[in-house]
Amino acid sequence: MIFGNLVDRAARRPSGLLGYLLYRFPLGHRPGFDLVLDRLPPEADDRIAEIGCGGGVFMRRALMSGCQGLAIDHSPDMVNNASRLNHHAVKSGRLEVLHGDAAQLPASDSSFDKAYCLNAFFFFPDPEASIAEMARILKPGGRLALVTSPPEFEPQIARFSKRMASSMRFDAIETLDDWMRTAGLETEEMKTTPNAGNLIIARKGAVA
Ligand SMILES: C[S@@+](CC[C@H](N)C(=O)[O-])C[C@H]1O[C@@H](n2cnc3c(N)ncnc32)[C@H](O)[C@@H]1O
């Protein structure tokens, strides 16, 4: 139970000082941030959404493009931390940070050019509903970038913490691709990388 709570406090719903430090300095997540910013960079006139934003470090980098953003997390502490880290953007109205669940996003239909979900999807209890939600909030032609841990990462994470590994899913990239298609998204790029894990970029069709 204590370890279960530790997984929550450290990763699934981070909180307190530990959560602050881990997601203010998410060093292990940098390869995924770099990869996504290279493959699907936000542009100045984009409206982007990030689901499972943690401490707001990826969003801070994305906002450097000049885009507008919405960051969502189900951890109240992460909502506070991401807001504080990006307080200039929040104050100027370029960024909104909201408490919400990936399977029921607090956002309107067809309202974002790009959506991002990094190092969080493996915790979402209903992956298909979460992808359907990300598809729902994208404009026709909008794109989703998803970075998540592949099956190859499981032994290494289990060596670090069996409890952590058993609280995550390690989805094969083909499964992600199937879920994208079911949600009306067409995969444009998918690959498994040694440092960032699975990357999939998918585009919403005109009638999804
Ligand atoms: C491992 S952290 C990663 C944070 C950040 N994306 C990064 O790469 O550093 C996972 C984040 O996903 C959030 N999260 C997990 N399940 C969620 C859900 N069902 N809905 C919204 N956020 C969720 C957690 O609260 C946490 O902030």
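**Close-up views of the ligand site and the sheet**

**View 1. Polar contacts of the ligand.** In this predicted model, an N or O atom in the side chain of D101 lies 3.2 Å from a nitrogen atom of the ligand. Of the ligand's 590 Å² of surface, exposed when the ligand is taken alone, the protein buries 98%. The backbone also takes part: a polar backbone atom of H74 is 3.3 Å from a nitrogen atom of the ligand. At R12, a backbone N or O atom is found 3.4 Å from an oxygen atom of the ligand.

**View 2. The shell of residues around the ligand.** The ligand is surrounded by 23 residues. The closest of these are H29, G52, D73, L118 and N119. Sorted by class, the shell comprises eleven nonpolar, seven polar and five charged residues.

**View 3. The open sheet and its edges.** An open sheet is built from seven strands, which follow the order β3-β2-β1-β4-β5-β7-β6 with mixed pairing. The edges are formed by β3 (95–99) and β6 (185–193); each has a single partner strand, so one side of each has no neighbour in the sheet. From one strand to the next, the twist averages 15°. In general, the strands of a sheet pair through backbone hydrogen bonds, in either a parallel or an antiparallel manner.

**View 4. A parallel pair, β1 and β2.** Strand β1 covers residues 47–51 and strand β2 covers residues 68–73. The two strands run parallel and are joined by five bridges. Within this pair, E50 stands opposite A71 of β2.

**View 5. An antiparallel hairpin, β6 and β7.** Strands β6 and β7 form a hairpin, with three residues between them. Their pairing is antiparallel and extends over eight bridges. One position to locate is T187, whose bridge partner in β7 is A202.

**View 6. Helix α7 against the sheet.** Helix α7, made up of residues 127–137, lies across five strands: β1, β4 (112–118), β5 (138–148), β6 and β7 (197–204). Relative to β5, helix α7 runs at about 145°.

Notes:
Residues numbered from 1 in each chain as written. Predicted model: local features only at pLDDT ≥ 70, side-chain atom pairs only at ≥ 80, totals over all residues. Heavy atoms only, no water. Near = heavy atom within 4 Å. Polar contact = N/O pair within 3.5 Å; in protein donor to acceptor, adjacent residues only side chain to side chain. Areas by Shrake-Rupley, 256 points an atom, 1.4 Å probe, with all protein chains shown as cover. Nonpolar A, V, L, I, M, F, W, Y, C, P; charged D, E, K, R; others polar. Pairing = 2+ DSSP bridges. Helix = DSSP H or I, 4+ residues; strand = E, 2+ residues; numbered from the N terminus. Axes fitted to C-alpha atoms, helices over the stretch in contact; angles between N-to-C directions. Contact = heavy atoms within 4.5 Å.
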